[in-house]
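This report looks at aromatic contacts, at the packing of one helix and at the enclosed and open spaces of a protein model. Please keep the structure at hand while reading.

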Amino acid sequence: MAQSYPKGILVSVGGAEDKGTDLEKGIVERNRLNFFELGILKNIISLTGVTDPTVEVITTASSIPDEVAENYIDAFSKLGCKKIGHLRIRDREDAAKPEYIERLKACDCIMFSGGNQLRLSSIFGGTEFLDILKQRLQDEHFVIGGTSAGAMAMSNTMIYEGSADKAHLKGEVKITTGLGFLQNVIIDSHFDKRGRFNRLAQAVAANPGAIGIGLGEDTGVVVTEGHNLKAIGSGSVVIIDGKNIDYNNIADIRTGEPISVENIIVHIMSSGDVYNLQNRTFVGKEIEIDDEG
């Protein structure tokens, strides 16, 4: 029986929004310019394939949802979008509102903002809202975008905590279940600026079947058919593959001790490069996935 690939498209962006309220507030204005310069939101619009798409912004992860929503609505409006909504979901009760369910079913694109990815998994996990998102991604030409926390929550295995300076120590990287739009991957954001290589490497060492995807700021990936991953933006995407790991001490050492991992595979991708998640192969620029608006 032939495998059924998702018809929808995922766009994961390294972002520049974070959990801290002060930091998040300071970045709202800066992001406005970055999004336009890199055309990432323009990419998302074009990928819908709709002349006048309906876009719904979800700011559940953010501690300043209204300010962040206003930023996205303004940005999408300047790109020519006329139908932009804000699904102001703050708890599981909100996620079950009939109005929001109907708007989810009617839109062409969902955009998850940054913030705290644990809010996304704890509020949407097990809900009808999440079931509909997954069904639409599988069966329809539907676009789901996410930046920072919104990108990290897309995978089935999700990092929710872990400081970069202690990420080489066992137990410092906390993992839980994400929204599950992508299987067998772990996504980390702000990858270059915050030095998160060790954080993602530890997550992969503990889950060698998963492929780590490190997204730099102003950088993202477009995923089609659930496995063709194309880099977009100005920075780099780092792929960490644990399939050939030989020695790995993470199961044998005590919490707080440094980890050792032998023979981990690392790829660095720039804009236009493609990686096949299914075959775990770096394809280069051979596959053309239109990301031009």
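How much space lies in the second largest cavity? In this predicted model, the second largest cavity holds about 40 Å³ of space, and it is one of 2 cavities of 30 Å³ or more. Its lining is formed by Pro6, Gly8, Leu10, Leu137, Phe181, Leu182, Val223 and Gly226, a set that divides into 6 nonpolar and 2 polar residues, with no charged residue.

The largest pocket, in turn, has a volume of about 400 Å³. It is lined by 21 residues, of which Pro6, Phe181, Leu182, Gln183 and Gly226 are the closest to its centre. Helix α7 gives the most to this lining, with 3 residues. The two linings are set out by class below.

| Space | Volume | Nonpolar residues | Polar residues | Charged residues |
|---|---|---|---|---|
| Largest pocket | about 400 Å³ | 8 | 10 | 3 |
| Second largest cavity | about 40 Å³ | 6 | 2 | none |

Phe181, which is among the residues lining the second largest cavity, also takes part in the aromatic contacts. A search of the whole structure finds 4 aromatic pairs. In one of them, the ring centres of Phe112 and Phe181 are 6.5 Å apart and the ring planes stand at 40°, an angle that is neither under 30 degrees nor over 60, so the pair is classed as tilted. Because Phe112 belongs to strand β4 (residues 109-112), while Phe181 sits in the loop between β7 (174-177) and β8 (185-188), the pair ties together parts that are 69 residues apart in sequence. Both partners fall under the 20% limit and therefore count as buried, Phe112 with a relative accessibility of 0% and Phe181 with a relative accessible area of 9%. Together with Phe124 and Phe129, Phe112 and Phe181 form one aromatic cluster.

Strand β4 also has a part in the surroundings of helix α5 (residues 98-106), whose buried residues are covered by elements that include β3 (83-87), α4 (92-95), β4 and α7 (128-139). The buried residues of α5 are Tyr100, Ile101 and Leu104. Viewed down the axis of α5, these residues fall within an arc of 105°, and therefore they line one face of the helix. The face of α5 that is turned away from this buried side carries the exposed residues Pro98 and Ala106.

How values were computed: Residues numbered from 1 in each chain as written. Predicted model: local features only at pLDDT ≥ 70, side-chain atom pairs only at ≥ 80, totals over all residues. Heavy atoms only, no water. Phe/Tyr/Trp six-rings, centres within 6.5 Å; stacked < 30°, edge-to-face > 60°. Helix = DSSP H or I, 4+ residues; strand = E, 2+ residues; numbered from the N terminus. Buried < 20%, exposed > 50% of the residue type's maximum accessible area, 1.4 Å probe, protein only. Arc of directions from axis to C-beta. Contact = heavy atoms within 4.5 Å. 1 Å grid on protein atoms, 1.4 Å probe; cavity = no way out; pocket = protein on both sides within 12 Å on 5 of 7 lines; lining within 4 Å. Points joined across faces, edges and corners; volume = space filled by probe spheres on them. Nonpolar A, V, L, I, M, F, W, Y, C, P; charged D, E, K, R; others polar.
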